[in-house]
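Q: Please take a close look at the salt bridges in this protein, and set them in the context of the whole model. I would value one connected account that also covers the surroundings of the residues involved.

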Amino acid sequence: MAFDFSGQRAPKRISLTPMIDVVFLLLVFFMLAARFGADSAISLKAAGRDASGYQGAPRLVELRPGGLTLNGIAVTREDLAARLAPLMPTPDALVVLRARDGAEVQGLVDVIETLKAGGITTLALAEAPE
């Protein structure tokens, strides 16, 4: 039994296909996991039990799936800032927001943006009673 060592084998070439597949999978992962665009933030205070800083008439805006109420009276989102204006002792007076009965977060964000566009900037979010 003799071994033939005279013939040289051609060196095997390493296949780059698996490495390219991994690179493309990583590329797709990071593209899907990346954040696109800037996040927007809404500044709110949690309404506390101490009402020493609260002045003037009540200003409670309640958001329900059926619509908005201002101090228990139904109001449209477009008219909310105008209806709040006479109740404000100062332009930076506190307005309390409360979401009730399964109201959506996007609806609350829309109300906040409407109030801020109307010049009302001091908002507090109150938890609805059980």
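A: A salt bridge here is a side-chain nitrogen of Lys or Arg within 4 Å of a carboxyl oxygen of Asp or Glu. By that criterion, the side chains of Glu62 and Arg64 meet in a salt bridge, with 3.3 Å from N to O. The model is a predicted one, and a search of the whole structure finds five salt bridges. Side chains of opposite charge can pair when their charged atoms come close.

The two partners of this bridge differ in their exposure. Glu62 is buried, because its relative accessible area is 8%, below the 20% under which a residue counts as buried. Arg64 has a relative accessible area of 29% and is therefore partly exposed.

Glu62 also forms a salt bridge with Arg98, and here the closest N and O atoms are 2.6 Å apart. Glu62 belongs to strand S2 (residues 60-64) and Arg98 to strand S5, so this pair ties together parts that are 36 residues apart in sequence. Both Glu62 and Arg98 are buried.

A further salt bridge joins Arg77 and Asp110, whose closest N and O atoms are 3.7 Å apart. Arg77 lies in the loop between S4 and helix H2 (80-84), whereas Asp110 lies in helix H3, so the pair links parts that are 33 residues apart in sequence. Arg77 is partly exposed, with a relative accessible area of 34%. Asp110 likewise counts as partly exposed, at 22% relative accessibility. Elsewhere, salt bridges that share partners join Glu62, Arg64, Arg98, Arg100 and Asp101 into one network.

Asp101, a member of that network, also deserves attention for its backbone. Its place is in the loop between strand S5 (95-99) and helix H3 (105-117). The phi of Asp101 is near 50°, a positive value in a residue other than glycine. Most residues other than glycine have a negative phi. Asp101 is exposed, with a relative accessible area of 54%. Asn71 also has a positive phi, of about 55°, although it is not a glycine. Asn71 is found in the loop between strand S3 (67-70) and S4, and it is partly exposed, with a relative accessible area of 32%.

The buried part of the protein can be approached through Leu84, which lies in helix H2. Leu84 is buried, with a relative accessible area of 0%. Apart from neighbours within four places in sequence, Leu84 is in contact with Arg59, Val61, Leu70, Val95, Leu115 and Ile120. The C-alpha atoms of Leu84 and Arg59 are separated by 7.2 Å, although the two residues are 25 apart along the chain.

The surface offers another view. Leu16, Met19, Ile20, Val23, Phe24, Leu27 and Met31 form a nonpolar patch with about 700 Å² of accessible area together. Of these residues, Val23 lies in helix H1 (residues 17-33). A search of the whole structure finds one aromatic pair. The rings of Phe29 and Phe30 have their centres 5.1 Å apart and their planes at 70°, so the pair is edge-to-face. Phe30 counts as exposed, at 54% relative accessibility.

These details belong to a protein with three helices and six strands. Along the sequence, the elements follow the pattern α-β-β-β-β-α-β-α-β. Of the 130 residues, 22% count as buried. The protein exposes about 10,200 Å², and carbon and sulfur atoms supply 60% of that area. Among contacts with a separation of 6 or more, residues 24 or more positions apart account for 71%.

Confidence in the prediction should be kept in view when reading the model. The protein averages a pLDDT of 83, and 84% of the residues score at least 70. Among its elements, strand S4 (residues 73-75) has the highest mean pLDDT, 94, and strand S1 (residues 45-46) the lowest, 63.

Notes. Residues numbered from 1 in each chain as written. Predicted model: local features only at pLDDT ≥ 70, side-chain atom pairs only at ≥ 80, totals over all residues. Heavy atoms only, no water. Phe/Tyr/Trp six-rings, centres within 6.5 Å; stacked < 30°, edge-to-face > 60°. Buried < 20%, exposed > 50% of the residue type's maximum accessible area, 1.4 Å probe, protein only. pLDDT = per-residue confidence, 0-100. Helix = DSSP H or I, 4+ residues; strand = E, 2+ residues; numbered from the N terminus. Patch = residues over 30% accessible without salt bridge, like charges linked within 9 Å, V, L, I, M, F, W, Y side chains within 5 Å. Areas by Shrake-Rupley, 256 points an atom, 1.4 Å probe, with all protein chains shown as cover. Contact = heavy atoms within 4.5 Å.
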